[in-house]
Amino acid sequence: MEFNAARAFMENEHKSIITTYRRDGAAQMSIVVSGPHNGHVVFVVRGDTAKLANLRRDPRCTVLNVRPDWSAYAVVEGNATLHTWENTEKPLLQPLLRDAFRACGGGEHSDWEEYDRVMEEERRAVVMVSPDRVYGFGRPA
């Protein structure tokens, strides 16, 4: 499967399971919503999560998007780039957070100023996974 096929699937299916790696090398899985954006798979995480700590240490990440009835899926494996409040200036991070919200199926938020405030308060980060390997069984709904 090529990323374009996965992208088309991920534009409709946002329920995801990500895999990151703990310090001891064990896999850690988490549930997120994700979506395709500019050739990457993106999702947003709180700044105090284990998944973000794992990705800071080891950027390898797998994203599994699945249809709610489990009838189809797409997997993207790659390395994550992190856009955090520590490494990205606010005027650049806020639009990335908004773009990630849209890409993850959120559409237009009813109050972007409130969204921006919560993202900063929770130190939310944008994770962008570059596709190295893409596979799965799925077609757009």
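The side chains of K90 and E120 meet in a salt bridge, with 3.0 Å from N to O. K90 belongs to helix 3 and E120 to helix 4, so the pair ties together parts that are 30 residues apart in sequence. The model is predicted, and the count of salt bridges in it comes to 14. The points below begin with this pair and the two helices that it links, and then turn to other salt bridges, two loop residues and two further positions.

**The K90–E120 salt bridge**

- Side chains of opposite charge can pair when their charged atoms come close.
- In the pair of K90 and E120, the separation from N to O is 3.0 Å, which lies within the 4 Å allowed for a salt bridge.
- K90 counts as partly exposed, at 37% relative accessibility.
- E120 is likewise partly exposed, its relative accessible area being 28%.

**Packing of helix 3 and helix 4**

- Two packed helices are described by the angle between their axes and the distance between the axes.
- Helix 3 spans residues 90-106 and helix 4 spans residues 112-121; the two pack at an angle of about 110°, and their axes are 11 Å apart.
- Helix 3 is therefore roughly perpendicular to helix 4, because angles of 65 to 115 degrees are classed in that way.
- The crossing of these two helices is right-handed.
- On the side of helix 3, the residues in contact are K90, Q94, L97, R98, F101 and R102.
- On the side of helix 4, they are W112, E113, Y115, D116, M119 and E120.
- Sorted by class, the contact of helix 3 with helix 4 has 5 nonpolar, 1 polar and 6 charged residues.
- K90 and E120, the partners of the salt bridge described above, are both among the residues of this contact.

**Salt bridges within a helix, and a network**

- R102 and D99 form a salt bridge through their side chains, at 3.2 Å from N to O.
- These two residues are 3 residues apart in helix 3, which means that about one helical turn separates R102 from D99.
- R102 is partly exposed, with a relative accessible area of 32%, and D99 also counts as partly exposed, at 26% relative accessibility.
- R102 is also one of the helix 3 residues that meet helix 4.
- In helix 4, E121 forms a salt bridge with R117, and the closest N and O atoms of this pair are 2.7 Å apart.
- E121 and R117 are 4 residues apart in helix 4, so they too are separated by about one helical turn.
- E121 counts as exposed, at 56% relative accessibility, whereas R117 counts as partly exposed, at 41%.
- R56, E86 and R123 are joined into one network by salt bridges that share partners.

**Loop residues with positive phi**

- N38 has a phi near 50°, a positive value in a residue other than glycine.
- N38 is placed in the loop between strand 3 (35-37) and strand 4 (40-45).
- The relative accessible area of N38 is 64%, so this residue is exposed, the cut-off for that class being over 50%.
- R123 has a phi near 55°, again a positive value in a residue other than glycine.
- R123 lies in the loop between helix 4 and strand 7 (125-137).
- R123 is partly exposed, with a relative accessible area of 36%.
- R123 is also a member of the salt-bridge network with R56 and E86.

**Positions in helix 1 and strand 2**

- A5 is placed in helix 1, residues 3-10, and is partly exposed, with a relative accessible area of 35%.
- A5 and R23 are 18 residues apart along the chain, and their C-alpha atoms are separated by 33 Å.
- S30 is placed in strand 2, residues 27-33.
- S30 counts as buried because its relative accessibility is 11%, and the cut-off for that class is under 20%.
- S30 and I17 are 13 residues apart in sequence, while in space they are 5.5 Å apart, from C-alpha to C-alpha.
- Leaving aside residues up to four places away in sequence, S30 touches S16, I17, I18 and K51.

Notes
Residues are numbered from 1 along each chain as its sequence is written. This is a predicted model: local features need pLDDT of at least 70, side-chain atom pairs count only at pLDDT 80 or more; totals for chains, interfaces and linings use all residues. Side-chain values use heavy atoms; hydrogens and water are left out. Axes are lines fitted to C-alpha atoms, for helices over the stretch in contact, and angles run from 0 to 180 degrees between N-to-C directions. Angles under 35 degrees count as roughly parallel, over 145 as roughly antiparallel, 65 to 115 as roughly perpendicular and the rest as oblique. A crossing is left-handed if the near helix is turned anticlockwise from the far one by less than a right angle, and right-handed if clockwise. Contact means heavy atoms within 4.5 Å. Ala, Val, Leu, Ile, Met, Phe, Trp, Tyr, Cys and Pro count as nonpolar, Asp, Glu, Lys and Arg as charged, and the others, Gly among them, as polar. Buried means under 20% relative accessible area, exposed over 50%, partly exposed in between (1.4 Å probe, protein chains only).
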